[in-house]
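Q: I would like to learn how to read a sheet and a domain interface from coordinates. Could we work through one case together, step by step?

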Amino acid sequence: MPRTIVWFRQDLRIKDNPALFEAAQRGEVVPVYILDTSTRNKLPLGEASKWWLHKSLKSLRESGVPLIIEQGNLLPILERILKQTESDAIYWNRCYEPHAIARDKKIKKELECTQSFNGSLLFEPWTIQTKSADFYKVFTPFWKACLASPDPRDTLSQPKLKWADNLPTGLAIEDLELLPQNPNWAEGFDNYWKPGEQGAYQKLTDFLENKLHNYDKGRDLPAEDWTSKLSPHLHWGEISPNQVWEAVNRSSNPSDKNTQRFLAELGWREFSYNLLYHFPDLPENPFQKKFSVFPWHDDEKLLRAWENGLTGFPLVDAGMRELWSTGYMHNRVRMIVASLLTKHCLIPWQQGSAWFWDTLVDADLANNSASWQWVAGCGADAAPFFRIFNPVTQSKKFDPQGDYIRRWVPELKHFSDKDVHTPWAVSEDTQKECRCTIGKDYPHPIVDLDVGRVRALQAYEVVKIQ
Ligand SMILES: Cc1cc2nc3c(=O)[nH]c(=O)nc-3n(C[C@H](O)[C@H](O)[C@H](O)COP(=O)(O)OP(=O)(O)OC[C@H]3O[C@@H](n4cnc5c(N)ncnc54)[C@H](O)[C@@H]3O)c2cc1C
């Protein structure tokens, strides 16, 4: 019976896994995961991603996949496993990061027995084109074109799997040393996440049953829990977008505004991949060339205050602390913290995206790069630079009672609903009553919002004349 290696990468699931499904149709399957330490990649895995990967590999093994785990130089490892297991083919699902495309092309060239599949996008980037055969740079027409093109493929039925026996032992997951050592900053992550296919299904089911009906309004309220939290599961391919797409369309009215809004968010994920594929510089350079002269301003002290959730702006600090404690931050708050950093503080967006890359469990090269560029105003279809979020106005609008702030910034918990957004503005007596002296127990704002805004608009003048 022919044996096929299935090389798992960002598709850590059994169900609706095209490479695994096709390999199972051929005969016996040899499942492999290789921690790639050979490919030149400017952005190696972030620390929070490593935590997730450890747990996800463990979950895949526990679900019965006799995964051979290896670490090192991909090509020789794949060649060795081909020989050792007497396999005659290697199947994988495609990745779209520039380094992954280059890596896979090289392996395809060296080994003739490979075949790749689409396991992680609804619409692959080269299938959606404008009338002039270019790629879309604006979301709305992109998504319209996606919706007008043939439906995403149906999900696959569960394959009958026959694992090859006498597989080489490989490494233990612990040998990959993915978990944080001392201090274990990810201690609390288990309270929020269950990496793996089963965890992904639980999130999807919970979302469909309890959240989708109010997604359109609820998705903007960080104190409440109205979004799916599927992002890390989608990133690691523990669930496919096709499974989500199908389940949402099956269990709700496709013309309902909540359904449409949610599917459009999946669309933003597709759009980000479309951008990254066609503009591989996206993680490093501005999509709009004119921004290459923008006078960004390095400031180590401001950057550290931002990273540590000590900016003096309660909603921003709440977001940054949520990120540190859980590996996640609410989307609305991601926009606000990124805006403060890039606009009021003029710190290069790449420095913010690097912090997110390291600390987010859903760190995703396409989504992270596209979103940072969107907020910084230099991306495709970006928020115009001159539209500068005021973190206080945003705070009052989207966290009116301050519940999200109090959850993550407990030193502010005694301030009234009104004052919690601007604790620096209350009298010293009130601060004392609230058991929080600004400048001692909680920092003064790191930047004057009016000054920062004017400075940002002046900096933008340089871009405008390009
Ligand atoms: C500065 C910044 C950085 C970001 N970095 C990342 C990142 O590294 N990884 C990541 O997955 N998302 C990123 N996002 C997008 C978004 O914040 C998250 O996808 C979302 O908060 C995840 O929560 P959820 O799964 O509950 O989303 P839901 O609201 O339930 O949305 C469902 C899915 O749609 C996709 N999605 C939702 N919003 C977006 C968006 N704006 N752009 C692209 N895809 C989207 C995600 O896959 C998400 O899981 C970033 C946004 C900003 C503003």
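**Reading a sheet and an interface**

A: Let us begin with one strand pair in this predicted model: strand β1 (residues 3-8) and strand β4 (residues 89-93) run parallel and are joined by 3 bridges. Within this pairing, I5 of the chain stands opposite I90 in β4.

Q: In what order do the 5 strands of the open sheet lie?

A: Strands of a sheet pair through backbone hydrogen bonds, either parallel or antiparallel. Here the order is β3-β2-β1-β4-β5, with parallel pairing in an open sheet. The edge strands, each pairing on one side only, are β3 (68-72) and β5 (114-117), and from one strand to the next the twist averages 30°.

Q: Which strands does helix α1 lie across?

A: Helix α1 (residues 18-26) lies across β1, β2 (28-36), β4 and β5, and its direction makes an angle of about 150° with β4.

Q: How much area do domain 1 and domain 3 bury between them?

A: For an interface, begin with the bounds: the domain assignment gives domain 1 as 3-120 and domain 3 as 289-464, with domain 2 made of 121-152 + 196-278. Domain 1 and domain 3 bury about 720 Å² between them, 64% of it on carbon and sulfur atoms. On the side of domain 1, L43, A48 and S49 lose the most area to domain 3, together 50% of what that side buries, while helix α2 (residues 47-62) supplies the largest share of the touching side, 5 residues.

Q: How many salt bridges and polar contacts cross between domain 1 and domain 3?

A: The rule finds 0 salt bridges across this interface, whereas 3 residue pairs are in polar contact, counting pairs with both residues at pLDDT 80 or more.

Notes. Residues numbered from 1 in each chain as written. Predicted model: local features only at pLDDT ≥ 70, side-chain atom pairs only at ≥ 80, totals over all residues. Heavy atoms only, no water. Pairing = 2+ DSSP bridges. Helix = DSSP H or I, 4+ residues; strand = E, 2+ residues; numbered from the N terminus. Axes fitted to C-alpha atoms, helices over the stretch in contact; angles between N-to-C directions. Contact = heavy atoms within 4.5 Å. Domains from an automatic or database assignment. Buried area = accessible area lost by both parts, 1.4 Å probe. Salt bridge = Lys/Arg side-chain N within 4 Å of Asp/Glu carboxyl O. Polar contact = N/O pair within 3.5 Å; in protein donor to acceptor, adjacent residues only side chain to side chain.
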